[in-house]
Amino acid sequence: MSSTTTQQGLPLETSGPAEPYMALPTRTVRRDSSSYELPTRTVRPSATPVKARAPWLSLAALVILGGVSGAAYYLGFVHPYLLSQYYNTPLQDLAKISRATAQSANEWGFTWVVVFACYYAAFRICPPAEDVTRAFRRVALVLICAGAAFFALNLLFMYPVGAADLFDQIFRARLTSHYGLNPFTTTPGSIGGDPLQAFVAWRGDPSPYGPMWETLAAGTSLLAGANLWGNLIAFKLLVIGAYGVGTILSYGILRAIKPDWALRGMLFFAWNPLVLFEVAGNGHNDAVVIMFVLAGVFFFVRARQVAFIPALVLGALTKFVPVLLVPTALAALWRDRGANGAEANSGRKRLAVIGRSIGLSVGLAAILYVPFWTGPEGILPRNRGTLFTASIPKVILDTLTTDFKVEQSKAEWLVRNGAYAIVGVVAVVLAIWVWRSANATNTDRRAVLVNRTLVAFYEIIFVYLVIASLWFQPWYLLWLIALTVPLAAQHTYVVRTLLFCIGGVFNYFVWDYLWLWNHTDSRTIQTASALAVNTLAIMYTLWVWLKKTRILNS
């Protein structure tokens with residue numbers, strides 16, 4: 001393949017629409033490339049081939065970094081917050097167990113520094129798959145998976161200090177499995193005499209999740225019985241299992257679109273400290289959401305078009321957020337006229353594929369909703385639209401009610417619907433951007449279509465987290481981490497996601513230490529939290545955009 005560039009190194013488009021602002025061309029653009037990337041620090045080619053530099057040493061480094069990480073997880077997160085020591089006392093958390101002392105804050109912070117430093121070093125050290133033998137790749141694959149399993153099983157025995165959601169999920173599952181009640185219409189507080197009710201934080205709310213999760217949770221509850229310890233372990237193993245499937249899918253996705261990055265991209269997801277802390281440590285069911293999202297991406301990149309949208313829908317039937325990706329997925333399916341060099345399909349065949357995909361999605365949703373169906377009002381989560389915390393919408397809400405004296409309910413309506421409208425517009429615009437791609441009638445064009453679709457997915461979730469996540473929680477970042485995996489070869493997405501992860505960790509410091517130390521007012525702490533979470537990611541995003549603009553105008 002040949003490329004044509006201007007004097008500044010920008011491509012002269014010979015066919016198809018211009019590439020996205022998120023992906024500027026490098027100095028040389030290959031026409032068979034699956035993406036156009038922002039200029040990144042390039043590694044100068046060495047006169048000595050990689051294989052001659054004993055790449056086995058990189059695996060030794062991974063083992064050492066994994067060992068240090070495992071020790072840090074145990075000493076910083078598990079030992080001070082042992083599940084066996086605290087699980088039988090209702091409604092414990094990080095601040096209550098640590099007593100928010102300066103020493104505990106230092107130990108907590110130092111642990112995060114160590115595990116993130118080891119994680120990033122391992123990500124950079126992990127060798128490209130194209131530069132190694134098959135035997136080396138298999139050994140590296142085993143080591144990465146073994147490290148992920150070691151970290152997860154280590155954190156299995158950590159008390160969920162980040163949130164009481166795990167206990168709430170266990171009790172709602174009991175409503176279905178042991179009482180035969182509907183968790184979408186029955187509140188935990190309406191059940192008297194149950195020994196586990198004291199551990200529920202949200203006693204007045206029905207389930208905020210979807211029928212996919214409640215079905216999985218009810219089955220897990222049946223297996224675990226009435227014992228709290230058994231339920232805690234079983235529910236944690238459920239989400240750890242989903243995390244394991246997500247790890248395998250991340251490898252499979254990159255083997256299809258960027259084989260040389262398969263090992264490194266899988267490590268980016270599997271060894272991410274925030275993923276491990278929130279899934280294995282806190283037991284959040286977001287692991288199930290991202291398992292389905294990654295499954296959808298896997299089916300798409302592997303040209304299994306019919307299964308693409310149903311997988312996303314199953315994610316949305318766990319938590320609703322993946323539904324935002326469906327318009328882009330539909331646009332991608334329409335343009336995906338061929339795969340692996342196949343001849344273009346007719347519009348009638350494309351409509352048939354999309355029709356089967358939508359039909360399968362509707363069928364799965366109907367099957368999952370049948371046991372819980374009480375009417376259309378039970379489809380969407382209730383009692384969550386009025387919750388605002390640790391988010392930019394909360395800062396805007398406080399400004400409207402305090403500085404401009406807008407009535408609380410009216411201000412909430414304005415902020416909530418304004419935020420949702422922005423995300424909706426972004427989702428539609430990016431779907432149109434994908435739809436305007438050239439028909440994928442050969443391998444080259446399909447690579448561009450796949451990259452556009454994955455970039456659109458990433459940007460939609462990023463905008464949602466920044467703009468429309470009214471009640472922000474650090475574990476929501478798992479969605480973005482998962483969607484960074486297919487783009488792991490593009491440096492800017494990796495950096496943006498890692499900066500957002502750091503912001504998520506800062507959120508814990510704000511609420512569990514700074515707030516308790518300073519006894520500050522609610523508005524100040526809400527503003528501090530929103531700034532801590534979003535500033536790094538937003539500033540980096542703006543810097544990348546400005547850099548791109550300067551290059552294009554030069």
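Okay, one term before we start: when I say two residues are in contact, I mean heavy atoms within 4.5 Å. With that in hand, let's look at this one, and keep in mind that it's a predicted model.

I'll start with helix H13, residues 326-335. Seven of its ten residues are buried, so the rest of the structure largely encloses this helix. Which residues of H13 are buried? They're Val 326, Thr 328, Ala 329, Ala 331, Ala 332, Leu 333 and Arg 335. As for what sits over them, the cover includes helix H11 (286-301), helix H12 (305-316), helix H14 (347-369), helix H16 (408-435) and helix H17 (443-468).

Let's zoom out for a second. The chain has 20 helices and zero strands. There are 554 residues, and 55% of them are buried. If you take the contacts with a separation of 6 or more, 76% of them link residues 24 or more positions apart. On the outside, the chain exposes about 23,300 Å², and 64% of that comes from carbon and sulfur atoms.

Now over to H5, residues 134-155. Here's a quick sanity check on the geometry: with 22 residues at 1.5 Å each, H5 should span 32 Å, and its end C-alpha atoms are indeed 32 Å apart, so the two agree. Buried residues in H5 include Phe 136, Arg 137, Ile 144, Gly 147, Phe 151 and Asn 154. Their cover includes helix H1 (56-78), helix H8 (228-257), helix H9 (262-270) and helix H10 (273-281).

H9 deserves a bit more time. How do H5 and H9 cross? Their axes come within 10 Å and cross at roughly 5 degrees. Anything under 35 degrees counts as roughly parallel, so that's what we call H5 and H9. On the H5 side you've got Arg 137, Ala 140, Leu 141, Ile 144, Cys 145 and Ala 148, and they meet Leu 263, Met 266, Leu 267 and Ala 270 in H9. By class, that contact has nine nonpolar residues, no polar ones and one charged.

H9 also packs with H4, residues 102-125, at an angle of about 170 degrees, with the axes 9 Å apart. So that pair is roughly antiparallel. H4 brings Tyr 119, Ala 122, Phe 123 and Arg 124, while H9 brings Arg 264, Leu 267 and Phe 268. The class count for H4 with H9 is five nonpolar, no polar and two charged. And yes, Leu 267 of H9 turns up in the contact with H4 and in the one with H5.

Two single residues to finish. Ile 240 is in helix H8, and at 11% relative accessibility it counts as buried. Setting aside neighbours within four places in sequence, Ile 240 is in contact with Ala 152, Leu 156, Val 279 and Ala 280. The C-alpha atoms of Ile 240 and Leu 153 are 8.5 Å apart, although those positions lie 87 residues apart along the chain.

The other one is Gly 225, in the loop between helix H7 (211-224) and H8. Buried or exposed? Gly 225 has a relative accessible area of 19%, and the cut-off for buried is under 20%, so Gly 225 is buried. With the same neighbours left out, the contacts of Gly 225 are Arg 174, His 178 and Asn 231. Gly 225 and Ser 177 are 48 residues apart along the chain, with 9.2 Å between their C-alpha atoms.

How values were computed: Residues numbered from 1 in each chain as written. Predicted model: local features only at pLDDT ≥ 70, side-chain atom pairs only at ≥ 80, totals over all residues. Heavy atoms only, no water. Helix = DSSP H or I, 4+ residues; strand = E, 2+ residues; numbered from the N terminus. Buried < 20%, exposed > 50% of the residue type's maximum accessible area, 1.4 Å probe, protein only. Areas by Shrake-Rupley, 256 points an atom, 1.4 Å probe, with all protein chains shown as cover. Expected span 1.5 Å × (residues − 1). Axes fitted to C-alpha atoms, helices over the stretch in contact; angles between N-to-C directions. Parallel < 35°, antiparallel > 145°, perpendicular 65-115°, else oblique. Nonpolar A, V, L, I, M, F, W, Y, C, P; charged D, E, K, R; others polar.
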